[in-house]
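Got the model open and a selection box ready? Let's walk through it stop by stop, picking residues as we go.

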Amino acid sequence: MERALPMDGVVVADFSRVLAGPYATMLMADLGATVIKVERPGTGDDTRSWGPPWTEHASSYFESVNRGKRSITLDLGDPADQEAARELVRRSDVLVENFRPGSLARYGLDFDSAAELNPRLVYASISGFGSGAGADLPGYDFVVQALGGLMSITGSPEGPPTKVGVALVDVLTGKDAALGIMAALRQREATGRGQHVEVNLLSSLLASLVNQMSGMLATGVPPARMGNQHPSIAPYETLRCEDAYLVVAIGNDVQFGRLAEALGLVGLAEDERFATNAQRVANRPALVELMENVLGARPAADWQERLQRAGIACGQVNDLSRAVHYAESLGLNPLVDPGQGATAQVRMPIDLSDSAGVKPLAPPRLGEHGEQIRAWLAGPAGPPPA
């Protein structure tokens, strides 16, 4: 018997665009939900034009977070399309939107209006800074990385504050949105009613700062940029080898003893400067110099193989191509082929033993499924078109 996916039968009306919302709805599509992406006529999601790079059909940015969805274009200023949108709300289990807080009310698509149309609807709103005093502030990942403190702890001590190399806050917020939606769907099983799920970029970022935020709250002292070094552990950083950098992560004194032995640094683990983690942190520059004198004699790949055999957590700094190849070498199957001539994509990282793996639809062309969806909305209630 064919195994079902966890979200089979769940219909998601996706009114979101750019990254956080589309990422959340793509996760749900990967888990089996039917996601209907509502886009502006003519232009669609902003990211359709965010290139280069481009694929055969769209920008690679758009395709990275929109596989598995059906696309319909609706002009929310048009009364007929407004009614189609409201009918979609009536037939959906979940609505996801990231309009500026309050702006959907003029179309009758705010939470209160949607809940009247469909009391079982789980309505998820994603914003930059919440629905209170920050409601009118535009929320872009880069800005939130600055305001939320992430840039203050990213980069070298001598250099400027630095953003992370991907829109990480959007991704984290998308995951928070998906988690909140799952929780609300679970509660709906008990209550029979949906609810309003609200997430925002700034809160998701602050919640993700874990030990760095905790250290600041404990001491009152904001942490500073340390490059690739850890504020509390050593060695836990990038170390220069003959040809490249190697990350070494030592979590306790036993591991450090194994590292010293593998590097041939006899007596290093007993040296009073390095015998405990606190001493290693205090004497980090001297420790790094000793290790890099040895590591510089061989390529990073050789050291990675040797240290991993000794049980040391380590790895050379890969580019994205090498990262994919490394995951493949471990049998992790990191990529998925959406078919229909679409570019390969990174597979959803969740494996469930009792669920079938999904073969997602290719990212949709603008309005690709509009005719079928409009016919469904105009007809009797029933499952959406496949």
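Select Q340 to begin: at 54% relative accessibility this residue counts as exposed. Keep in mind that you're looking at a predicted model. Q340 sits in the loop between strand 10 and strand 11, and its phi is positive, about 55°, although it is not a glycine. Most residues other than glycine have a negative phi.

Now pick N333, in the loop between helix 13 and strand 10 (335-336). Is N333 buried or exposed? With a relative accessible area of 53%, N333 is exposed. Its phi is positive too, near 45°, and again the residue is something other than glycine.

Step back to G331, which follows helix 13 and has a positive phi near 75°. Then colour helix 13 itself, residues 320-329. At its N-terminal end, look for the cap: a side-chain oxygen of D319 lies 3.2 Å from the backbone nitrogen of S321.

**Into the pocket**

Helix 13 is also a way into the largest pocket, since helix 1, helix 2, helix 13 and strand 11 (345-346) are the elements that give two or more residues to its lining. To centre your view, select S64, L320, Q345, V346 and R347, which lie nearest the middle of this pocket among its 33 lining residues. The pocket's volume is about 1100 Å³. Colour the lining by class and you should get 22 nonpolar, 7 polar and 4 charged residues.

**Along helix 1**

Next, select helix 1, residues 20-30. How many of its residues are buried? The count is 11 of 11. They run from A20 through to D30, with Y23, M26, L27 and M28 among them. Just after the helix comes G32, with a positive phi of about 110°.

Stay with D30 and show R67 as well: their side chains meet in a salt bridge, 2.8 Å from N to O. D30 is in helix 1, while R67 is in the loop between helix 2 (60-64) and strand 3, so this pair links parts of the chain 37 residues apart. D30 counts as buried at 3% relative accessibility, and R67 does as well, at 3%.

**More salt bridges**

How many salt bridges does a search of the whole structure find? The total is 18. Try D14 and K69 next, where the closest N and O atoms are 3.4 Å apart. D14 lies in strand 1 (residues 11-14) and K69 in strand 3 (residues 69-73), so the bridge ties together parts 55 residues apart in sequence. Both partners are buried.

For a pair with some exposure, go to D271 and R273, whose closest N and O atoms are 2.9 Å apart in their salt bridge. D271 is partly exposed at 22% relative accessible area, and R273 is partly exposed at 36%.

Then select E83, R86, E87, R90 and R91 together: salt bridges link these residues into a network.

**Cysteines and prolines**

Looking for disulfides? The structure holds 0 of them. Show C241 and you'll find that the nearest cysteine sulfur is that of C314, 9.0 Å away. A disulfide would need the two sulfurs within 2.5 Å, so this pair doesn't qualify. Both cysteines are covered: C241 is buried with a relative accessible area of 5%, and C314 counts as buried at 15%.

Two prolines deserve a click, and it helps to remember that most peptide bonds are trans. Start with G51 and P52, joined by a cis peptide bond with omega about 5°. P52 is in the loop between strand 2 (34-39) and helix 2. Then move to A234 and P235, where the peptide bond is cis as well, with omega near -5°. Look for P235 in the loop between helix 8 (210-219) and strand 7 (236-240).

**Last stop: the cavity**

Finish with the enclosed space. The count comes to 1 cavity of 30 Å³ or more, and the largest cavity has a volume of about 30 Å³. Which residues line it? Select R70, H369, Q372, I373, P385 and A386 to see the lining. By class, that gives 3 nonpolar, 2 polar and 1 charged residues.

Notes: Residues are numbered from 1 along each chain as its sequence is written. This is a predicted model: local features need pLDDT of at least 70, side-chain atom pairs count only at pLDDT 80 or more; totals for chains, interfaces and linings use all residues. Side-chain values use heavy atoms; hydrogens and water are left out. On a 1 Å grid over the protein atoms alone, a cavity is a set of points where a 1.4 Å probe fits but cannot get out, and a pocket is an open set with protein on both sides within 12 Å along at least five of seven lines; lining residues have an atom within 4 Å of a point. Grid points are joined across faces, edges and corners, and a volume is the space filled by probe spheres set on the points. Ala, Val, Leu, Ile, Met, Phe, Trp, Tyr, Cys and Pro count as nonpolar, Asp, Glu, Lys and Arg as charged, and the others, Gly among them, as polar. Buried means under 20% relative accessible area, exposed over 50%, partly exposed in between (1.4 Å probe, protein chains only). A salt bridge is a side-chain nitrogen of Lys or Arg within 4 Å of a carboxyl oxygen of Asp or Glu. Helices (H or I, at least four residues) and strands (E, at least two) are DSSP runs, numbered from the N terminus. A polar contact is a pair of N or O atoms within 3.5 Å; within protein, one must be able to donate a hydrogen and the other to accept it, and residues adjacent in sequence count only if both atoms are side-chain atoms.
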